[in-house]
Amino acid sequence: MTQQRLLIKNGTVVTATDQYEADVYIVGSTVQAIGKNLSVQLAETLNTTETIDAKGHYLFPGGIDAHTHMELPFMGTFASDTFESGTLAGLYGGTTTIVDFAIQTQGKSLNAALDEWHRKADGNAVGDYAFHLGVTDFNPQTRTEIKDIILKRGVSSFKTFMAYKGALMVDDRQMLGLMDEAGKFGGMVTAHCENGDMIDDLVNQHRTAGHTEPKYHAICHPELAETEATGRFIDLAWQGNHPCYVVHLTCEGALNRVREASKRNQHVNVETCIQYLLLDDSLYEKPGFEGAKWVFSPPLRKPKDQEALWSGIQQGLVHHVATDHCPFCMDQKRMGEKDFSKIPNGAPGIENRFELLYSEGVAKGRISLNTFVDLIATRAAKIFGMFPKKGTIAVGSDADIVIFDPNASHNLSVKAQHMQVDYNAYEGWPVQGKVRTVILRGTVAIDQGGACVGKGFGQYIARAPYNQALFNTPELSPALTKL
Ligand code: URP
Ligand code: ZN
Ligand code: ZN
């Protein structure tokens, strides 16, 4: 069977290190050549090659969102996006690969969690997907599963929760054991860093005082709870000389713990999420129950924390901008109408992350185009063992490419979204720049607002062990090839 051929002409290729005008020639699912005037060299096959003119557009690597929760069973309900609807929404917004969290049910095995997440995603996801494994019960039995999960099942990162006491939280002893075991085989531990006991105590105090509204969620998740846990997590990793990754870091205090660690030459991988860069805790003051839309953990912080995060990006302390996409419809949120601690934690974002980071970051002059690419795709691919298959535009890489129009503008709205949830966390937000076409493994997946692929098109991405050396070597050469 002849492989499909696609030629993207006249675009500006942007990677984490380069920016240049070139044509990109795709054969099958991978990039075959990058160069000027490829159509001349391809003259013989041009009539069987689909051509897209990308003049005036950027060609970015497909976005990677390393923090999503599709169909997550949580707080008595399920996150409202399935792998089908959530990854499709991601594609519409320029995200071609997600790393979702398969979460162990306490008392059950790690493999059972992974099996369950494969059942949900395989044959359903529209975009590509990989898994982290959320370990909620590390014991002698689960310890024995770690090696094969990393080396045979392609899952090289483990998530721990230092919060959600009584549900998902692990203690420091379990954390150390997991770091040791995963470390033997190239696995890395990631953590939701909030002090679960501190939060539990505050929640009890406020419930006893009869406080019910959504804003008490934020009051019960103070900056200090995150700062303390972030420092502790980093110290536990340092103690065993293990790599580590802080998920959804939100605040100045926690970032300062990362900064402190860098003074002893410890490398801490840090993720923040788009909502923490753009939104602040004044949203919890909205009338009635509206603040519930932004009830997630950690909560939104102060404008000074947003500034700290943008600075952290500029200083190279923050490496990935994810979403923690975990949507719940307002009917689900209303489970906590009379008790803030029962509002399902989570919010939508996968469809908006790429355009928002471009608009608020690049278009507003806060970050360069190369930093944008690193934050939206490349660094996550490197940290999580998918580079250079994913996360860049280079010869031999998967042809996951976003054709982006920097001159188009629009406003975000629930009315236009594909995420399966009845609100948009950024309703009315003006966005400069727009995803025009999304190519996943050489196939046009989205074009001008319409989907060209469907259920089951997404593939599972087995990931390699953690390799810190990838961060210290120069980017792959752009490989401008002659055919
Ligand atoms: O509130 C959140 N973030 N919900 C999803 C689970 C988690 O903590 O990541
Ligand atoms: Zn979390
Ligand atoms: Zn999460």
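Donors are N, O and S atoms within 2.8 Å of the metal, and water is not among the atoms, so sites may look incomplete. With that in mind, this report describes a zinc site and a helix pair in a predicted model.

**The zinc site**

The zinc ion (ligand 2) lies 3.7 Å from the zinc ion (ligand 3). On the protein side, the zinc ion (ligand 2) has the donors H192, through ND1, and H248, through NE2, which lie 2.1 Å from it. H192 belongs to strand β12 (residues 188-192), while H248 sits in the loop between β13 (244-246) and α10 (252-263); the pair therefore ties together parts that are 56 residues apart in sequence. The site of the zinc ion (ligand 2) has 4 donor atoms, and the angles among them run from 57 to 148°. Because four donors count as tetrahedral only if all angles lie between 85 and 135 degrees, the site falls outside that class and is irregular.

The table sets out the burial of the two histidines.

| Residue | Relative accessible area | Class |
|---|---|---|
| H192 | 1% | buried |
| H248 | 3% | buried |

**The helix pair**

Helix α6 (residues 172-184) and helix α9 (residues 223-239) have axes that come within 10 Å of each other and cross at roughly 45°. This angle makes α6 oblique to α9. The crossing in which α6 passes α9 is right-handed. From α6, the residues D172, M175, L176 and M179 make the contact, and from α9 the partners are R232, F233, L236, A237 and Q239.

Methods. Residues are numbered from 1 along each chain as its sequence is written. Chains are lettered from A and ligands numbered from 1 in the order in which they are written. This is a predicted model: local features need pLDDT of at least 70, side-chain atom pairs count only at pLDDT 80 or more; totals for chains, interfaces and linings use all residues. Side-chain values use heavy atoms; hydrogens and water are left out. Donors are N, O and S atoms within 2.8 Å of the metal (3.2 Å for Na, K and Ca); water is not among the atoms, so sites may look incomplete. Four donors count as tetrahedral if all angles lie between 85 and 135 degrees; four count as square planar and six as octahedral if opposite donors are over 155 degrees apart and all others between 65 and 115; anything else is irregular. Helices (H or I, at least four residues) and strands (E, at least two) are DSSP runs, numbered from the N terminus. Buried means under 20% relative accessible area, exposed over 50%, partly exposed in between (1.4 Å probe, protein chains only). Axes are lines fitted to C-alpha atoms, for helices over the stretch in contact, and angles run from 0 to 180 degrees between N-to-C directions. Angles under 35 degrees count as roughly parallel, over 145 as roughly antiparallel, 65 to 115 as roughly perpendicular and the rest as oblique. A crossing is left-handed if the near helix is turned anticlockwise from the far one by less than a right angle, and right-handed if clockwise. Contact means heavy atoms within 4.5 Å.
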